[in-house]
Amino acid sequence: MGLSLAIPLFVPEAVRTTPQGVLTRLASSLLLLTSTSVIGFKMRRRRPDRSTEDSTPPPPSNHANESIQTDDEDAKQVVRKAVSKKYRTRQAEFEQQWTTVQRNIIAKRRFLFPFGLLLGVLLTYFFFPPIPPHLSMLLEEYDLSIPMMKNLTFVFEWRQLVEPILEGAKTWTQTRDFKVGSDAAEKGLQAKYPVILIPGIVSTGLESWSTSPEYRQYFRKRLWGTTTMVRAVLTERDKWMAALMLDPETGLDPPGVKIRAAQGLDAASTFIPGYWIWAKVIENLACINYDTNNMELAAYDWRLSYYNLEVRDGYFSRLKSTVEAFRKREGRKVVLVGHSMGSTVILYFLKWVEAEGFGDGGPTWVEDHIESFVNVAGPLLGVPKAMTAFLSGEMKDTVEVNPAGSYVLEKFFSRKDRARLFRSWAGGASMWIKGGDAVWGNATHAPDDVDGTSHTHGHFFSFRAPTPDSEPSSLPAGHSATSSSNGPKNHPTMSPVDEEAAERAKSRERAGKDYETPSRMNPPAPPPIPAVETAPGVGNLTADEAGNWILQHTPYSWQKMIATNYSYGIERNEEVLKKNDQDHTKWTNPLEIQLPNAPSMKIFCIHGHGKETERSYWYARGEYEYDDILADAMQAVCLNTTECDIHGITPRSPLDLPTSRQNWIDALVTRDNEIPKVKNGVKIGEGDGTVATLSLGAMCVEGWKRKRWNPAGIKTITYEMAHKPEAMDIRGGATTADHIDILGSSALNEILLKIAAGDSDDIEDHFVSEIQKYAEKIQWD
C-alpha cells in the first residue's frame, strides 16, 4: 500500500517517457527511501532493561508521605523500601510489555518497510519533486514564488493538505472507472471485432528466467515493473543492469542471463502497483463484453530489435497465429491497437506478415484479416529524445532534475552507464528520427517553426562558441561551474564535424602521414562513415548531420546493429518502395515502405497536443577522455591554446591512448523569453510531452494521403486531443492528453470502444494543432 501511494508522486513523469525517464525519477526517490527506512530499523533496538539496573527511584509522592503516620525512622525506611520495590516491579512489568510490543510490531519488517517508505514518500513530495534546477522553472511548473518557498510554514492543518488530494483520487475511483464502458453499453454498443493491444516501450514487464545461482532469487519475478525492480535497483544495481543489458554483438541474451516478457493482460496493465497503463482501456472494453476470448495483449520484449523479436521469441509468428485464430473463431477481422512504440511494431508486422520468406501470408493477408489499425501516440517519424539518450544518456528528464537529484542520479546511473544500457536495447533504436532534413528542417527553417522564431528547430544540435568573452559551457553532473542561467548569446562556432576534421588534418600534417594507433591498444577501426560537410564557422548540426555525428560517437557494435536492423531516410521512388517489401530494415520507417494492399482497412491516428515537448538541443563539449571510440581525433590535440585554457582540455592524451570528447546537453542555456523557449539546453516544441507533433501526425495527415506511400488508398483519420488535465487528478483525469495518461482519457476510450464495436463511421478528423500546416512544409517530393 505504501508503494501505491509513492508511485503517483515520483514516477508519473518518468514512466511517461523512455527508460531514461524511469531511471531518473527512480534513482532520486530510492535514496530517500533508503535513508528513511533506516529510521524504522533503528526503532528495532531494544530499550535497556532498567529493572536490572541500580537506579534511584523517584521520591514518594506527597500522598505517600502523608500516609506514613509514625515517627520511627526505621519504620519510615521500611515503608520507603516497600514503595520503591513496588515502583520498580511495576516499571519492570511495563518495560517487559513494551519489549513485547516492539518485537511483535516494530521489529518486524512488514512494519518497518511501509513506515520508512511512507516517510520517504512524504520527504520526496516536499523536497524532491520532479522540478527543474532553476527557481524560475519552479515558478512556472508549480505556480509558487521564491519568498513563499523561503518562508513556507505549516500554518494550515495536515488534513487541509491531504483531503483535496485524496478526494481527487476518490472521485476518480468512484465515478471514472468503467464509466466510459458503462455508458457505451447503455447506448447498445457490444463487442464485435476481436481486439489485440500492443504496448509501447518500457510498458511490458520483464521476468527473469535465469537459473544461474546469482539470479535464482529473482526466478519468475519481474526485473522491470513491480516492486521487485525497485528492490533490485536499490540493493543490487550492478546485477540488475547486467541482467537487463543485451549482448552488444548479438543483440540477444548475454551468457547466463535469460529475461523474457511477461504475458497476458497483466503484462502491461500496470507498471508498478498504483500506476496503471492499459488497465483503463481493458476495464472499459470489458463493459461491452470483451474478455480473454476476444481480446489479447500481445506483450513483447521491447529491448530487442524487431528482427530479433522473431529470431529469439517468434513474436510475429505468434501474433500472426493469434490473428488467424480470432478470424476463424469469431468470423470477423481483427482490430490492432498500438500505443507509442507499439504502433511501430504493428507497422513492421503488416510488412513482415505478407513478405516471402518471413510471414509468407501473401499479398492479401492484411486485407483478409485486419479491420483497423489504431495508432495511439505512435512516434512514426521518431523521437528527438532518443538521439540524445544514445549519444550522452540524457534527455529533458535528466537535465531538469534538481541538483540533489542530479547528484543521486549520477551515483546510481551515470550518463555513461545510461548510454551503455540504452545502446544495448536495440528496440529503442526504432525511435531514431526518420526523414532527416526533409522532415525535421535544415539550417534555415523547420516545418514546425512558429512565427517569430529566433532560432530554428532545423538546428537539431547547437553549440556555443569556446571564446574568452562567452560564458563557459555547462558541465555534466558532478562538476561545478558558474554561469548565468539565461545562457550566452548565440555565438557562431565551428561545428563538431569541421572541428574534428581540422584536428585530423593538423595531426596528419604534423606527423607527415596518417597516425596509426598500436593494435594492442585499440581494435581495428570500423568502416569509415561518410563525412558530413558543413559551412565553416557554423556551430549547428541539422538532423542529417547530427545523426551521422552521433553514430561516429557510438561503439562499432552499435553502428553495426543500426545498419543491420533499421533505416532512417526517405524514399520517393515508387519502384524502390516496392522492392523494400523484402527489406526488413525498412519496415519501421513509413517513409521507405508502402502500406499493404488493404483498401478496406482503416487507420486511426489518435494523439495528444498541448504539452511542452523536447524538439532540439543545445550541446556542450568537454575535455578528452579515454574511450575505445576513435571519433574525435587521430591524436587528442586542441585546436588552439584558448580552447585548452578555457575548458581545461588536455593537449594530448597520456601514451596516445584512444580518446573521445565528452558531450552533454548544455543545461546552462535557458531562454524563457525566446521562440522557441529553451529550458536547460532543451529547445521546447509542440507535442504530447514525449513525442513531437511532427512525428505524431505528419504521416497520417499528409504522407499517407499520397499514393506513393499508400497505393491502396487506405482511409486514414486523425483525431487530436487537447491536453487539459484536471487539477486535482495527478494523472490528468478524463481530459488528459499526455503521452501515457491518454490511455485513461475519456475521449480515447470512447473512440476505441466505437471502433471495436463497429460504430466508427462518425469518427472524423479533429485537429487542435497546426499539424496540417506543418505537414505541408515537409519536403515530400
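A disulfide is a pair of cysteine sulfur atoms within 2.5 Å. The model analysed here is predicted. It holds 1 disulfide. The link joins Cys-605 and Cys-700, whose sulfur atoms lie 1.9 Å apart. This pair connects distant parts of the chain, with the two positions 95 residues apart in numbering. Cys-605 belongs to strand β12, whereas Cys-700 belongs to helix α28. The angle about the S-S bond is -75°, and the link is left-handed. Both Cys-605 and Cys-700 are buried. Cys-287 reaches 24% relative accessibility. Buried residues fall under 20% and exposed ones over 50%, so Cys-287 counts as partly exposed.

Strand β12 is part of an open sheet. Strands of a sheet pair through backbone hydrogen bonds, either parallel or antiparallel. In this sheet, 6 strands follow the order β7-β1-β8-β9-β12-β17, and their pairing is parallel. Strands β7 (295-297) and β17 (715-722) stand at the edges. Each has a single partner strand, so one side of each is left without a neighbour in the sheet. On average, neighbouring strands are turned by 15° against each other, direction ignored.

The pairings can be followed strand by strand. Strand β1 (residues 195-198) runs parallel to β8 and is joined to it by 4 bridges. Here Val-195 stands opposite Val-335 of β8. Strand β8 also pairs with β9 (residues 370-376), again in the parallel sense, over 6 bridges. In that pairing, Val-335 stands opposite Ser-372 of β9. Val-335 thus appears in both pairings, facing Val-195 and Ser-372. Strand β9 in turn runs parallel to β12 (residues 602-609), with 5 bridges between them. Asn-375 has Cys-605 in β12 as its bridge partner. Cys-605 is also one half of the disulfide.

Strand β8 (residues 334-339) has 6 of its 6 residues buried, so it is largely enclosed by the rest of the structure. Both of its faces are covered. Val-334, Leu-336 and Gly-338 are buried on one side. Val-335, Val-337 and His-339 are buried on the other.

Helices pack on the sheet as well. Helix α15 (residues 315-330) lies across β1, β7, β8 and β9. This helix runs at about 160° to β1. Helix α28 (residues 693-701) touches β9, β12 and β17. Its direction makes about 150° with that of β12. The contact with β12 is accompanied by a covalent tie, as the disulfide pair has Cys-605 in β12 and Cys-700 in α28.

Note on methods:
Residues are numbered from 1 along each chain as its sequence is written. This is a predicted model: local features need pLDDT of at least 70, side-chain atom pairs count only at pLDDT 80 or more; totals for chains, interfaces and linings use all residues. Side-chain values use heavy atoms; hydrogens and water are left out. Buried means under 20% relative accessible area, exposed over 50%, partly exposed in between (1.4 Å probe, protein chains only). Two strands pair if DSSP finds at least two bridges between them. Axes are lines fitted to C-alpha atoms, for helices over the stretch in contact, and angles run from 0 to 180 degrees between N-to-C directions. Contact means heavy atoms within 4.5 Å.
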